[in-house]
Amino acid sequence: MFPLLYLCSFLSLFLLPPANLAAVSNDKKYLKLPLLRKSPFPSPTQALALDTRRLHFLSLRRKPVPFVKSPVVSGASSGSGQYFVDLRIGQPPQSLLLIADTGSDLVWVKCSACRNCSHHSPATVFFPRHSSTFSPAHCYDPVCRLVPKPGRAPRCNHTRIHSTCHYEYGYADGSLTSGLFARETTSLKTSSGKEAKLKSVAFGCGFRISGQSVSGTSFNGANGVMGLGRGPISFASQLGRRFGNKFSYCLMDYTLSPPPTSYLIIGDGGDAVSVSKLFFTPLLTNPLSPTFYYVKLKSVFVDGAKLRIDPSIWEIDDSGNGGTVVDSGTTLAFLADPAYRLVIAAVKQRMKLPNADELTPGFDLCVNVSGITKPEKILPRLKFEFSGGAVFVPPPRNYFIETEEQIQCLAIQSVNPKVGFSVIGNLMQQGFLFEFDRDRSRLGFSRRGCALP
């Protein structure tokens, strides 16, 4: 079964041609897209609840088998920490906000087949009838083999030119997006103010959207999802083959006022940071969860002391459980329970600040920082060592968050490795450049790639 999965991934290189580039900012082979966040932001307790829900759904999704830089805005789809990308789709362009999600593959938008569309607010749904470049994929088109089909999909008629490709993408909580798989011209606002226009981007035009994951309050007004996972239909896969098959992002501290801009970079953004300044660790493949970006966590240190964690705790087992995932859509960090217990015990032992009178709901360690000008100078320091010798040393503000006035809590949670996986969430990633080099199957990171938050 696993060789078949890899064969399908190989064939997808030919079934889904790379998106054609019409124009790129500054004639460079990359895209730089602003990442946006929406306010009000969820409270830490709300973020924890949404993260827990997201990871539960993601763990159930295991199955057996040149350069663009764009601003990103944060939203929420089965989680609290997503970031949005402003995507303009069709001709003339229609502007929509999509969640940038490394934990999914499909690119899809909310669609309407209306003729008189006055009852729809602008920038809330895509109107394919209003676009001269909208092109539904035929059911016998090879690209149609790459998307999941609805249970009652119409039988494909090879003799009918208008026999379209139907898709249905399900989430573990029962949420669904279904409709037509199609190709369209997309325009991306880049950091330079110019637009990059890309032709023949494959996406799902969702006429039927249901469930809390894709339409509830946690979706936070998004108009769809930009899947950045490792599958052949993801945005990263489609554009990556045109721009060097890598992408990176810098997630900045969104609690600052005014918040600095975060960026998603598709391609080799040479202006970001020299490769020599990046720490690299291999990306691992989990055949039962081929979408996710797995890395191998080897050791955890607290104030320079290496914790005695059994190395087997970090392994992916035969059922696809365990391992460590880097995820843009989860806010907090999650560690396998045996490791988590050792980490929190070591942090408590080295803590020089008084405990809070009451714990914030959902958190196991909270301290009182009243009267402390710079608590980050006093809080214990964490260090993570990955395979390949890459060492990740985030500042304390990446794993201690203010849950109420003068109270900070450890923003790391426990996860059962027998039913889930450890996660490096976006809070832990803030202030670092993360580069996903898909050709070389490696993850790079550096603090020098972003302005310090």
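Helices and strands here are DSSP runs, helices of at least four residues and strands of at least two, numbered from the N terminus. By that count, this predicted model has 6 helices and 28 strands.

**Whole protein**

Show the surface first. The accessible area comes to about 19,100 Å². Carbon and sulfur atoms account for 53% of that area. Now color by burial. Of the 453 residues, 56% are buried.

**Stop 1: the S7–S8 loop**

Select the cysteines. The whole structure holds 4 disulfides. This tour visits three.

Start with Cys 139 and Cys 156, joined at an S to S distance of 2.0 Å. Cys 139 and Cys 156 both sit in the loop between strand S7 (135-136) and strand S8 (166-170), so the bond ties together parts that are 17 residues apart in sequence. The link is right-handed, with 75 degrees about the S-S bond. Is each end buried or partly exposed? Cys 139 is buried, because its relative accessibility is 18% and the cut-off for buried is under 20%. Cys 156 has 29% and counts as partly exposed.

Stay in this loop and pick Cys 144 and Cys 165. Their disulfide has an S to S distance of 2.1 Å. Both cysteines lie between S7 and S8, 21 residues apart. The S-S torsion is about 90 degrees, so this disulfide is right-handed. Cys 144 and Cys 165 are both buried.

**Stop 2: strands S20 and S24**

Jump to Cys 366 and Cys 409. Their sulfur atoms are 2.0 Å apart in a disulfide. Cys 366 belongs to strand S20 and Cys 409 to strand S24 (residues 407-410), 43 residues away along the chain. The torsion about the S-S bond is about 105 degrees, so the handedness is right. Both cysteines are buried.

**Stop 3: helix H4 and its exit**

Select residues 235-243. This is helix H4, and 7 of its 9 residues are buried, so the helix is largely enclosed by the rest of the structure. The buried residues are Phe 235, Ala 236, Ser 237, Gln 238, Leu 239, Gly 240 and Phe 243. Step on to Gly 244, which follows H4 and has a positive phi, near 100 degrees.

**Stop 4: a salt-bridge network**

The structure has 6 salt bridges. Select Lys 246, Glu 435, Asp 437 and Arg 442, which are linked in a network of such bridges.

Center on Lys 246. Lys 246 meets Glu 435 at 3.8 Å, N to O. Lys 246 is in strand S12 (residues 246-250) and Glu 435 in strand S27 (residues 433-437), so the pair ties together parts that are 189 residues apart in sequence. Lys 246 also bridges to Asp 437, with the closest N and O atoms 3.8 Å apart. Asp 437 lies in S27 too, so this contact with Lys 246 in S12 spans 191 residues of sequence.

Check burial here. Lys 246 has a relative accessible area of 11% and is buried. Asp 437 is buried at 2%. Glu 435 is buried as well.

**Stop 5: helix H5 and the loop after it**

Move to Arg 341 and Asp 337. Their salt bridge puts the closest N and O atoms 2.8 Å apart. Both residues sit in helix H5, 4 residues apart, or about one helical turn. Arg 341 is exposed, at 56% relative accessibility.

Continue to Glu 358, in the loop between H5 (337-350) and S20 (366-368). Glu 358 is exposed, with a relative accessible area of 64%. Finish by selecting its partners in a negative surface patch: Asp 357, Glu 402, Glu 404 and Glu 405.

Key
Residues numbered from 1 in each chain as written. Predicted model: local features only at pLDDT ≥ 70, side-chain atom pairs only at ≥ 80, totals over all residues. Heavy atoms only, no water. Buried < 20%, exposed > 50% of the residue type's maximum accessible area, 1.4 Å probe, protein only. Areas by Shrake-Rupley, 256 points an atom, 1.4 Å probe, with all protein chains shown as cover. Patch = residues over 30% accessible without salt bridge, like charges linked within 9 Å, V, L, I, M, F, W, Y side chains within 5 Å. Salt bridge = Lys/Arg side-chain N within 4 Å of Asp/Glu carboxyl O. Lys, Arg positive; Asp, Glu negative; His and termini not counted. Charge placed at Lys NZ, Arg CZ, Asp CG, Glu CD. Disulfide = S-S within 2.5 Å.
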